[in-house]
Amino acid sequence: MLKKLFATAIAIALVCGGLISEASAQSSKVQVKADTVNVRSGPSTSSRVVSTVSKGAVATVVSREGEWAKLKFSDGKTGYVRRDLLTTANSTATQASNSTSRVAIKGSTVNVRSAASATSSVVRTATQGTIATVVRREGEWARLRFSDGKEGYVRRDLLTSNLSTQASNAAPSRVAIKSEVVNVRRGPGTNSGVMTTVRKGTVATVLGTDGEWARLQFAGGTVGWVRRDLLTSNLSTVAANSGPEKVVTKADNVIVRASASTSSRQVAKVARDTVATVMSRENGWTKVRFPGGTVGFIRNDLLASAPSDGKPTHSTAGEKINYISTALVKVNANNVAVRKSASTTGQKVTQVDRGTVATILDRQGAWYRVRFEHGTVGFVRGDLLNPFTRTGSGSRTASSAYVASKSAPKLAINPNDLRVVAEAKKMLGTPYVFASSTTRGVDCSGLVHYLYRTFEGVTLPRTSRDMASAGVAVSRENVSPGDLLFFHTRGSSRINHVGIYIGGGKFIHSSSSAGRVVVGDTNGGYYQTRLAAIRRVKSTLKKVDGGTSTAPKPAAEKPKEPAAKPTEPATEPTKDSSDGANSSGDGE
């Protein structure tokens, strides 16, 4: 009985020992010791080769079948390798294998394919110096995983494991646009939306490629796709072919700062789709110059590339802009939605049909903010509007554009004697800076506010609209130097611009279209038909010599003058913008 129990115990021990040995064998690590070894689908040289592995590759033994071992590799794939081509992996080798191998592209531009074959489709391209992780090797091909997580096959002779020169090799290549005008798209295909257009000679950095398309980064940070056949790596003719690099703001009320930091002083605040010239780029910011000379820094993510002629064909939202220069527009389709905001997702205010006439109040990208004759205000997309000008007896002459029923008397003043006029002339050439009222830069009401506060001791309201309620009304016939001239330059009766009269029909104002303080003329042209009101803040103004001007006592009554409506289309390509003092939003 004892002998039988002893024999049973021995048998159990042998079985358990075998199981332990087998379990140990199955969990052991081995290392490839030959230069290149085939991994097969079965334990035979006649079995299909599923991949190849290089010397030093480490795998886990799943099982042993005669002279073959079934292995599991780090990517989860399994296959059979002859056991004489393997050696027990030491801890150092295992650690080295566990740290995934990385390679760099050593060809200038290399195709990445869907399978380990030169006949398989190209899924993308990679440029010299691009680094990727080796997922596995299959013969003369390697399956790579790139930084964006996508995988594909590259011929192994186009790769190098020497990453020491990566920094120099991987410097992003630069290309130039070689066609006159080229679309920049949101994705690699003609079915992708157009973000903007760029002109011949525009330089960009190649971020990557996808088939026949290249992903580019332009000045100011805009990133988009361009067809590769429209690009050239020859930059020698760029200077001759391209003007200064231009960018356009792609948000409302974008802050322009004194240096490349959100904590730096605010220089100005500009509207969406404002174009500027690139001066330099640093640390995620672009230094730009606006028309008239204002210079400052804007964050790259608030800018998009603009054509070198400074007139984008598409808004920053990708919609084509229909530029309209007339004050009035006519709807060109039926059932057109009028929306609360400049977007197809904006709340619908009303619906209008073909032929409906409206007044342009503002443009935001590809949309126009308009007021209809029954008073409704809203946004309509520009491609649904046509320019319109009233003709015949319904139009009014320039002389009737502004009439004051009651007026303060004309003052017998020599403009050269007035301190406020002399100081206004000293401001000529000062940059137009939105929402500013200092000698470093002013907008229209900022100029008048600064002059009257500093030299007359009068603090006026900060916006032209509110400023127009100060003082007393003056007729055209009685306008005198020092009076304030108010205009509506956006096609509506709402006042949005102001200047100071200097005599002879001329006035000094800060013009957004000129980009600086300039002299305007009410004797004819653009401003003659847009004069909305004239106001006299003081009847006695300080003289240059320290005295005061004398004048008849102004009328005590402050009558309301009727609001003037637009009569003719604008003759200037751009309109003066309204004051910025009450603007909201930051853009940063």
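Buried means under 20% relative accessible area, exposed over 50%, and partly exposed in between, with a 1.4 Å probe and protein chains only. The model on screen is predicted: local features need pLDDT of at least 70, side-chain atom pairs count only at pLDDT 80 or more, and totals for chains, interfaces and linings use all residues. Residues are numbered from 1 along each chain as its sequence is written, and side-chain values use heavy atoms, with hydrogens and water left out.

**Stop 1: salt bridges**

The structure holds 11 salt bridges, a salt bridge being a side-chain nitrogen of Lys or Arg within 4 Å of a carboxyl oxygen of Asp or Glu.

Select R145 and E151. Their closest N and O atoms are 2.7 Å apart, in a salt bridge. R145 has 37% relative accessibility and so counts as partly exposed; E151, at 27%, is also partly exposed. Add R143 to the selection: R143, R145 and E151 are linked in a network of salt bridges.

Move to R82 and D84, whose side chains form a salt bridge with an N to O distance of 2.8 Å. R82 is partly exposed at 30% relative accessible area, and D84 is partly exposed at 43%.

Next, select K426 and E423, a salt bridge with 3.3 Å between the closest N and O atoms. Both sit in helix α5 (residues 419-426); they are three residues apart, so about one helical turn separates them. Helices (H or I, at least four residues) and strands (E, at least two) are DSSP runs, numbered from the N terminus. Is K426 buried or exposed? K426 is exposed, at 60% relative accessibility, while E423 is buried, at 11%.

**Stop 2: the sheet and its helices**

Show the strands in the order β38-β43-β39-β40-β41-β42: they form an open sheet of six strands with antiparallel pairing. Two strands pair if DSSP finds at least two bridges between them. Strands of a sheet pair through backbone hydrogen bonds, either parallel or antiparallel.

Which strands stand at the edges? They are β38 (472-473) and β42; each has a single partner strand, so one side of each is left without a neighbour in the sheet. Two bridges join β38 to β43, and these strands run antiparallel. To find one contact point of the pairing, select A473: its bridge partner in β43 is R535.

Now bring back α5, which lies across β40 (497-503) and β41 (506-511), running at about 115° to β40. Helix α6 (residues 444-455) lies across β39, β40, β41 and β42, at about 50° to β40. Contact means heavy atoms within 4.5 Å. Axes are lines fitted to C-alpha atoms, for helices over the stretch in contact, and angles run from 0 to 180 degrees between N-to-C directions.

**Stop 3: aromatic rings**

A search of the whole structure finds five aromatic pairs. Rings of Phe, Tyr and Trp (its six-membered ring) pair if their centres lie within 6.5 Å; planes under 30 degrees apart count as stacked, over 60 as edge-to-face and the rest as tilted.

Select Y450 and F455: this pair is edge-to-face, 6.0 Å centre to centre with 90° between the planes. Y450 and F455 are both buried.

Then select F487 and Y527, whose ring centres are 5.3 Å apart and whose planes are at 70°, so this pair is edge-to-face. F487 lies in strand β39 (residues 484-487) and Y527 in the loop between β42 (516-521) and β43 (531-536), so the pair ties together parts 40 residues apart in sequence. F487 and Y527 are both buried.

Extend the selection to F507 and Y526: with F487 and Y527, they form one aromatic cluster. Finish at R530, which lies over the face of Y526, 4.4 Å from the ring centre. A charge sits over a ring if NZ of Lys or CZ of Arg is within 6 Å of the ring centre and within 35 degrees of the ring normal.
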